[in-house]
2 protein chains.
Amino acid sequence: MSGRSEQIAATICEAILSHRLVPGAKLGERELSEIFRVSRIVIRQALIRLSEDGLVTVERNRGAFVAKPSLAEAVEVFESLTIVEQGVIAQLGNRPRMSLLTELRGNVERQKAALGHGNEQLAGEFGLEFHDLLVALTRNRVAIELHAQLKRRARLLEALYRCDFDHCQLCDEHERLVVLIGRRQWSRAQQLLDEHYRLVARGYRIDDEALAAMRPLHLALARNAEPAGASAAAKPAARPGKRNGKHAHP
Amino acid sequence: MSGRSEQIAATICEAILSHRLVPGAKLGERELSEIFRVSRIVIRQALIRLSEDGLVTVERNRGAFVAKPSLAEAVEVFESLTIVEQGVIAQLGNRPRMSLLTELRGNVERQKAALGHGNEQLAGEFGLEFHDLLVALTRNRVAIELHAQLKRRARLLEALYRCDFDHCQLCDEHERLVVLIGRRQWSRAQQLLDEHYRLVARGYRIDDEALAAMRPLHLALARNAEPAGASAAAKPAARPGKRNGKHAHP
DNA sequence: GTCGATAGATTGGTATCCAATCTATTCCAT
DNA sequence: ATGGAATAGATTGGATACCAATCTATCGAC
């Protein structure tokens with residue numbers, strides 16, 4: 001409903017976070033405007049939104065690209081996640097919301113159950129959710145949005161650096177973290193959290209093949225690229241011959 | 001240099017942070033486009049940038065306004081600042097950069113000197129800088145930018161809620177904070193920081209007169225404009241006969 | 001083969017136009 | 001006179017066309 005550029009930005013964001021658009025991919029204004037059937041200006045506004053969020057970098061007179069953070073910046077993102085969540089733990093000391101720990105315990109149980117069934121994919125999802133729940137304990141929307149932004153940037157990194165996690169150990173640390181929080185041992189909890197994120201960061205390796213997996217924009221955005229009309233076509237399908245044959249990957 | 005909309009956004013941001021544009025003020029596209037001598041689209045792009053930063057809110061088909069955070073949101077902003085800085089302190093425990101404490105000590109000395117000369121204004125400036133330096137200790141640009149964004153929102157609040165600080169006590173707490181960090185008493189330091197920000201938050205009172213200080217855009221954005229508090233009383237009612245202050249903002 | 005020039009393509013920005021929506025006034029009925 | 005509907009104006013959201021500046025890539029000369 002609200003602004004067309006807003007929902008286009010959300011669509012592109014979703015495509016980036018699900019790795020259908022890989023870091024470094026060019027986001028051409030003309031191409032996107034044809035895909036979404038809007039004018040270039042709306043596309044540019046969407047790209048501005050994404051660039052403010054850190055998911056897209058705009059180079060003057062060259063265009064917009066999916067952000068491709070350096071390894072140094074990747075470390076900084078994880079460190080920032082650590083900082084925020086350590087701060088959240090410190091806040092728990094002042095305003096004990098121990099009743100809310102139930103949610104954390106429930107999440108850990110779901111992680112363990114998923115691991116018991118050998119579903120590491122699902123366990124990973126729950127593992128991400130754990131950190132959301134931790135920040136949600138503050139009931140502070142500003143902090144929650146801050147954390148969500150950092151997490152978006154972290155998910156972007158997953159596309160760039162192959163991750164190889166020891167889900168067992170990660171889940172175990174989550175459980176120990178809940179115990180420490182329950183015992184109000186904030187300092188120990190912060191220390192464990194730091195080690196936890198360092199373990200996560202160690203799971204990342206440079207992945208050259210990810211960049212080879214680049215696919216054309218109209219494929220990456222096909223699912224969500226609905227025509228401008230209220231309900232014009234159910235299928236974007238193959239676009240009828242505008243101009244084709246210039247999609248060589250550089 | 002880089003994008004026209006970018007520098008216009010920076011100019012408007014600066015005007016907001018120095019309280020020449022008060023919360024709730026309308027940012028009309030046509031009016032701004034005439035002031036900056038650019039097309040409306042560039043203005044809209046600048047407004048989008050500012051809205052992503054949280055300094056302006058855009059309401060569909062109604063326009064853009066300088067953000068007017070509720071008291072609840074103000075509390076959340078300060079709590080988030082606390083969270084980030086507490087996390088920074090926790091990080092200092094892992095990577096001791098004690099040599100950089102010199103900068104913090106120097107800042108405290110400048111605060112005390114300013115207070116000694118009775119210059120509370122200058123002491124307040126140094127007080128803000130103290131928290132920047134604290135976060136800068138991490139050498140983490142992502143965290144620094146995160147903190148800077150929160151501080152911009154905090155400075156916006158100063159225009160909405162009149163602040164009445166006990167600069168002596170604030171400076172004293174800064175000094176004690178440096179001592180605690182030097183002694184590696186991270187937990188105590190975090191606790192003191194929390195109390196510190198609660199003291200700051202208590203200094204804020206609802207200020208109705210600030211909204212009355214609204215002035216036309218072209219005056220607020222003039223090159224050599226002064227902050228709202230000083231010379232606003234000279235011409236309180238600049239608008240002839242139009243409606244005044246009817247900007248209810250849920 | 002390397003270096004430079006030229007021609008295309010893309011971006012940044014302007015001007016104009018139109019539809020949808022919100023605001024405020026006016027006018028009418030009670 | 002007052003409340004409500006109708007209307008006219010203003011503002012936003014967006015489209016289209018157009019132009020200048022810049023980047024890219026091909027082509028040609030040495």
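Helices here are DSSP runs of H or I with at least four residues, strands are E runs of at least two, and both are numbered from the N terminus. This is a predicted model, where local features need pLDDT of at least 70, side-chain atom pairs count only at pLDDT 80 or more, and totals for chains, interfaces and linings use all residues. Residues are numbered from 1 along each chain as its sequence is written, while chains are lettered from A and ligands numbered from 1 in the order in which they are written.

**Exercise 1. Place Glu158(A): which helix holds Glu158(A), and is Glu158(A) buried, partly exposed or exposed?**

Step 1. Find the helix: Glu158(A) sits in α7 of chain A.

Step 2. Apply the burial rule, counting other C-beta atoms (placed from the backbone) within 10 Å: 20 or more is buried, 12 or fewer is exposed, and in between is partly exposed. Glu158(A) has 16 C-beta neighbours inside 10 Å, so Glu158(A) counts as partly exposed.

Step 3. Try a distance: the C-alpha atoms of Glu158(A) and Leu137(A) are 26 Å apart, with their positions 21 residues apart along the chain.

Step 4. Zoom out to chain A, which has 11 helices and 5 strands. Of its 250 residues, 37% count as buried.

**Exercise 2. Work out how chains A and B are related.**

Step 1. Superpose the copies by least squares on the C-alpha atoms of residues with pLDDT of at least 70 in both. Chain A lands on chain B after a rotation of 180 degrees with 0.0 Å of shift along the axis, at an RMSD of 0.1 Å.

Step 2. Name the symmetry: that is the relation of a two-fold axis.

Step 3. Look along the axis: in chain A, Gly87(A) has the C-alpha nearest to it, at 2.1 Å.

**Exercise 3. Describe the side of chain A that touches chain B.**

Step 1. Count contacts, meaning residues whose C-beta atoms, placed from the backbone, lie within 7 Å. Chain A puts in 31 residues and chain B 32 residues.

Step 2. Pick out the elements that each supply at least two residues on chain A's side: α3, α4 (71-94), α7 (141-160) and α9 (186-202). The most comes from α4(A), with 13 residues.

Step 3. Sort by class: Ala, Val, Leu, Ile, Met, Phe, Trp, Tyr, Cys and Pro are nonpolar, Asp, Glu, Lys and Arg are charged, and the others, Gly among them, are polar. Chain A's side splits into 11 nonpolar, 11 polar and 9 charged.

Step 4. Take Val84(B) as a sample: leaving aside neighbours within four places in sequence, its contacts include Ile83(A), Val84(A), Gly87(A) and Leu146(B).

**Exercise 4. Find which residues come nearest to DNA strands C and D.**

Step 1. A residue is near a strand if its C-beta atom, placed from the backbone, lies within 6 Å of it.

Step 2. Start with strand D: of 19 residues around it, Arg4(A), Val38(A), Ser39(A), Glu29(B) and Gly63(B) come nearest. The elements giving two or more residues there are α1 (4-17) and α3 (40-53) of chain A, plus α2 (29-36) of chain B.

Step 3. Now strand C: of 18 residues around it, Glu29(A), Gly63(A), Arg4(B), Val38(B) and Ser39(B) come nearest. Here α2 (29-36) of chain A joins α1 (4-17) and α3 (40-53) of chain B in giving two or more residues each.

Step 4. Tally the classes: 6 nonpolar, 7 polar and 6 charged near strand D, and 4 nonpolar, 7 polar and 7 charged near strand C.

Terms used: Contact = placed C-beta atoms within 7 Å.
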